[in-house]
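Colleague: I have a model open and would like to learn how to read it. Could you walk me through it, feature by feature?

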Amino acid sequence: MALDKFFRRRRAQPTEGSDIPDLWSKCPACKENIYNKDLEAELYVCPKCAFHHRLSARRRVEVLLDQGTFMQQSGHVRPVDVLNFVDTETYPARLLRAQRKTGQPDAILTGTGELLGLKLTVAVMDFEFSGGSMGSVVGEEISRAAEGAAQAGLPLLLVAASGGARMQESALSLMQMAKTTVALERLSKAGLPYISLLTDPTTGGVTASFATIADVIVAEPGALIGFAGPRVIQQTIRQSLPEGFQRSEFLLEHGMVDLVTDRREQRAVLHSVLSILTRQPGAKPEQADPVQADLVQADTSHASELQASGGEQ
Ligand SMILES: [Zn+2]
């Protein structure tokens, strides 16, 4: 009997301590265990190695905008399976799973808000929803956000995170490339800035359309940004690719992006860029450090050229 009790108690122990692992996360880059509260305080950037963790659209909005200022506009358009697409499962079944996981009808969240007091329209892609794939709803919501911003006289900030066009919508998803580009041109014609923030990963038709036609293109450190994947390119050109190919820093060196900015400094930097482009007085960001101020300074000449030529699109 005494032995029985001894074993029963030992079996009970693991369930008592079951929420301990939730307090810590393992960094996929440096493999260090990070206390989740520290990770949150650092805006989900590893405090040991500065690896930028991916964020859901909701969390991105929390990280970027002033608290309590976000007013959601997206969510009224829902995806439709017009092609009756079936691969290993039906498209509606895939959609339902992604909708339950993210609480969103599709891979995009748009609305208005404030960034250090500056009013703007934001469109944020959600990689957690079907790999941030661009289907008809993503295209429609980005177009609405761009048109709404043009009407309201607000700048647009778009955060890209996508594996590319949505296969299940075939040619319909490819049409979104043209549609979003045309909608964004309205902002350009209205003399309003469009800023794109590229996060890990930004690939395929998203890179080939709205994500890279912005007035200023900012990227997060270490983000994979490209059209086709490195393996496909390597097989096509039959040459080995240089180190860091398709990463933010490589693209900055080669003129594909304007700035690579640590997430912890993005609010200050984006505020500076937007203030300059919208010609708002008092363009002094609260938390800008000298290095970032230099970066923004360097970008000013480019920005004013864009202003003079009425945008880049
Ligand atoms: Zn790390």
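**Starting from one residue**

Modeller: Sure. Leave aside the neighbours within four places in sequence, and Ala 146 is in contact with Leu 156, Ala 183, Leu 184, Arg 186 and Leu 187. Keep in mind that this is a predicted model.

Colleague: Where does Ala 146 sit, and is it buried or exposed?

Modeller: Ala 146 lies in helix α5, residues 136-152. The usual test is to count C-beta atoms around the residue, with 20 or more within 10 Å as the cut-off for buried. Ala 146 has 27 other C-beta atoms within 10 Å, so it is buried.

Colleague: How far apart are Ala 146 and Glu 185 in sequence and in space?

Modeller: They are separated by 39 residues along the chain, and their C-alpha atoms are 8.6 Å apart. Across the protein, 69% of the contacts with a separation of 6 or more are between residues 24 or more positions apart.

Colleague: OK, now helices. How do I read the packing of α5 with helix α6?

Modeller: Two packed helices are described by the angle between their axes and the distance between the axes. Here α5 and α6 (residues 170-189) pack at about 5°, with the axes 9 Å apart. Angles under 35 degrees count as roughly parallel, so α5 is roughly parallel to α6. On the α5 side the contact includes Ile 142, Ala 146 and Ala 149, and on the α6 side it includes Ala 183, Leu 184 and Leu 187. By class, this contact has 9 nonpolar, 6 polar and 3 charged residues.

Colleague: And the core? Which residues have the most contacts inside the largest one?

Modeller: The general idea is that in soluble globular proteins, nonpolar side chains tend to be buried together. In this model the largest nonpolar core has 62 residues, and those with the most contacts inside it are Met 125, Ala 146, Leu 156, Ile 195, Leu 198 and Ala 219. Helix α5 gives the largest share of this core, 7 residues. Take Leu 156: beyond four places in sequence, the residues it touches include Leu 120, Ala 146, Leu 187 and Tyr 194.

Colleague: Let's do the sheet. What is the strand order?

Modeller: It's an open sheet of 7 strands, ordered β3-β4-β5-β6-β7-β8-β9, with mixed pairing. The edge strands are β3 (71-72) and β9 (259-260), each pairing on one side only. For an antiparallel pair, look at β4 (residues 108-115) and β5 (residues 118-125), which are joined by 8 bridges; there, Leu 115 stands opposite Leu 118. For parallel pairs, 4 bridges join β7 to β8 and 2 bridges join β8 to β9. Val 218 in β8 is a handy marker: Leu 197 stands opposite Val 218, and its bridge partner in β9 is Leu 259.

Colleague: Which residues of β8 are buried on each side?

Modeller: Val 216 and Val 218 are buried on one side, Ile 217 and Ala 219 on the other, so to speak a strand with both faces covered. Helix α10 (residues 266-277) lies across several strands, including β4, β5 and β8, and runs at about 120° to β5.

Colleague: Where would I look for a contrast, a helix that is hardly covered?

Modeller: Try α8, residues 230-237: the count of buried residues among its 8 residues is 0. Just after α8, Arg 238 takes a positive phi of about 55°. For the protein as a whole, 39% of the 313 residues count as buried.

Methods:
Residues numbered from 1 in each chain as written. Predicted model: local features only at pLDDT ≥ 70, side-chain atom pairs only at ≥ 80, totals over all residues. Buried ≥ 20, exposed ≤ 12 C-beta atoms within 10 Å, placed from the backbone. Contact = placed C-beta atoms within 7 Å. Pairing = 2+ DSSP bridges. Axes fitted to C-alpha atoms, helices over the stretch in contact; angles between N-to-C directions. Core = buried A, V, L, I, M, F, W, Y, C linked by C-beta atoms within 7 Å. Parallel < 35°, antiparallel > 145°, perpendicular 65-115°, else oblique. Nonpolar A, V, L, I, M, F, W, Y, C, P; charged D, E, K, R; others polar.
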